[in-house]
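Reader: I am new to this structure. Could we go through a few of its parts in turn?

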Amino acid sequence: MPEMRFSESVSARLDDGVLVVVIDNPPVDALSAHVRSGLIAALDHATVAKEVTGLVISGAGRTFIGGADIKEFGKPMVEPTLPQVIDRIESFEKPIICAVNGAALGGGCEVTLACHGRIAGETASFGLPEVKLGILPGAGGTQRLPRLIGPIAAIDLIGTGRAVKAGEAVALGLADVVAADPLAAAIAAVREYAGRPLRRTGSIEIPAADAAAVSAAEAKVLARSRGQMAPAEAVRLVKAASQLDLEQGLAEERATFLRLRDSEESAALRHVFFAERAAGKVEKLAGVSPRRIETVGIVGTGLMGSGIAVSALTNGYRVIALEQTQEAAAAGRGRIAGILDKAVQSRRLTTEGREACLARLDTTAEAKTLAAADLVVEAVFDDLSVKTELFRRLDGIVAPGAILATNTSYLDPDAIAAATADPSRVVGLHFFSPANVMRLVEVVDCAKTAPDVLASALAFVKRLGKLPVVCGVTEGFVGNRIFSAYRREAEFMLEDGALPHEIDAAMEAYGFPMGIFAVNDMAGLEIAWARRKRLAATRDPAERYVEIADRLCEAGRLGRKTGRGWYAYPDGERTIDPAVTAAIEAARAAKNIVPRTFTAEEIIDRLLKAMVDEGAALLAEGIAARPGDIDLVMINGYGFPAHKGGPMFAAEHNR
């Protein structure tokens, strides 16, 4: 029988009585209006076509349904709505089985929940990530999922937004079986179910759950949410599913979804979502192809270098890690293996995966081995002479087409590039520590970086599963320059009358995981101290300068590593230290400053203004391309709360 077409994106064919419906809406088979109307049209046809005994719903390509159509965000909903489509699927009189060939996310997962059976392909995944956009499932997810997998697992999946792969989905009860050919298995399942009572998810009684276990799952979600509304509301609705019938639960879910959709929190998280999509797009790279990168050289296997190595290895690259001596190379291999071991222990990597990574790793003290590298990333001590000398040496070793990347935090990459014979192949790749965990990478477009080198750096970072943000050359790039302004303003407030714990408490209440002084103690005060000493000779004498941090460093108070910094750490616990208060009071007295009190709101406003003013300067100078890029850097590198949208968004929306 010829193909039937129900909309521009939904077609079907009849396979011996089974109507095989295919959604083809590239790139991710999103639930656009024409997909929803096409599904309804297919169901209308199947209702009256006596030869149709049941339906299979599948997705074209590598995705089942990737969720809502982002182009429809913020626009009036066009009927049929997704809840209408899902209700029609669940209540349909003939069996409907979904062949989940790839990702079933958001509304796509909700479609699978409404089907009478779920066959997962080997690459299938299921998830309800709506909380990451400040909303929650709005088409039955909070009510149907707990009926299938129980409230404890549902609280975890919906409250965190995490996705599960096919094997875990079957173990949870979210999928019925994993099949190498999910489409064939789904067709067979329709024939098996035809004429039999159908398993409608909405009619399933929710499995009983231990109250203490439910409370523990709830506490875990809320602890991660850092004050966001959506995770708490998602948990509430999952718990409510046990007390309400399906119709009541769906009504409560929809009302909550609409309220959250119109909230400031959701607006902020949608801003972050779109900013991420925009960040990887660089106008001048249109039509530019990246170079092929298969082997990555890494110079230095300390904390940063070993983290970069693990990221490269776990994403399929061959890695050559260079150290100064064979002993250091052996120690570096041990560090890398140790990180991989932890990934196995936490089930983020299989034992076989670990062995495959180590098989692709060569740790050496022989610099000439880097001749095989397509990209070399230096992760050595942040000293200009050390880095420039290294790049001069690499010039005579690596292939002419190889890319050289510097991981400097504050140094001028143009000066490093100038030390090479071909500055066009030099780019900045500023990873954040630990590099195997942190998502953000500032990709620094140097003065002479060739377009295909920049494109290659972006492609490399994306393959690592990280978030690349392109910026120009300036002291500290985007993140550290704003962080320096943030820290400087916080220290001004110390002189003006605030105390470290007051400033930190205000920022933590705003949504930061840690306040500025606690962060400094964690990182170590000596890093910023060394930079201040390096810049001392060129500092404007008329510029306000706070010496309190210098006094702490001179006293050996370098942070957690020494047990004392801005705070004291007896037994590892952060405590207010009277000695620091005394040092601050002495600094005020030396400048004849009469201290005043600050409200938490004043602290937040003043620190946000410092970040925003520096961000505006970065935009004016062309260092950052978009306000959203600045927001992404601060959220992913410095703990700015994502549900506030980043400093530039927060300032624009008075948040």
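Author: A residue is called buried when its relative accessible area is under 20%, and exposed when that area is over 50%. The model discussed here is a predicted one.

Reader: Is G159 buried or exposed?
Author: G159 lies in helix α5, which covers residues 151-160. Its relative accessibility is 7%, and the cut-off for buried is under 20%. G159 therefore counts as buried.

Reader: Leaving aside neighbours within four places in sequence, which residues is G159 in contact with?
Author: Contact here means heavy atoms within 4.5 Å. With the neighbours within four places in sequence set aside, the residues in contact with G159 are V131, A154, V221 and P231.

Reader: How far apart are the end C-alpha atoms of helix α11, and why is that expected?
Author: Helix α11 runs over residues 264-279, which is 16 residues. At 1.5 Å a residue they should span 22 Å. The model agrees, because the distance between the end C-alpha atoms is 22 Å.

Reader: Which strands are the edge strands of the open sheet?
Author: The open sheet has 8 strands with mixed pairing, in the order β14-β13-β12-β15-β16-β17-β18-β19. An edge strand pairs on one side only. That applies to β14 (361-364) and β19 (467-471).

Reader: Which residue in β17 stands opposite T406?
Author: Strand β16 (residues 403-406) and strand β17 (residues 426-431) run parallel and are joined by 3 bridges. Opposite T406 in β17 stands G428.

How values were computed:
Residues numbered from 1 in each chain as written. Predicted model: local features only at pLDDT ≥ 70, side-chain atom pairs only at ≥ 80, totals over all residues. Heavy atoms only, no water. Pairing = 2+ DSSP bridges. Helix = DSSP H or I, 4+ residues; strand = E, 2+ residues; numbered from the N terminus. Expected span 1.5 Å × (residues − 1). Buried < 20%, exposed > 50% of the residue type's maximum accessible area, 1.4 Å probe, protein only.
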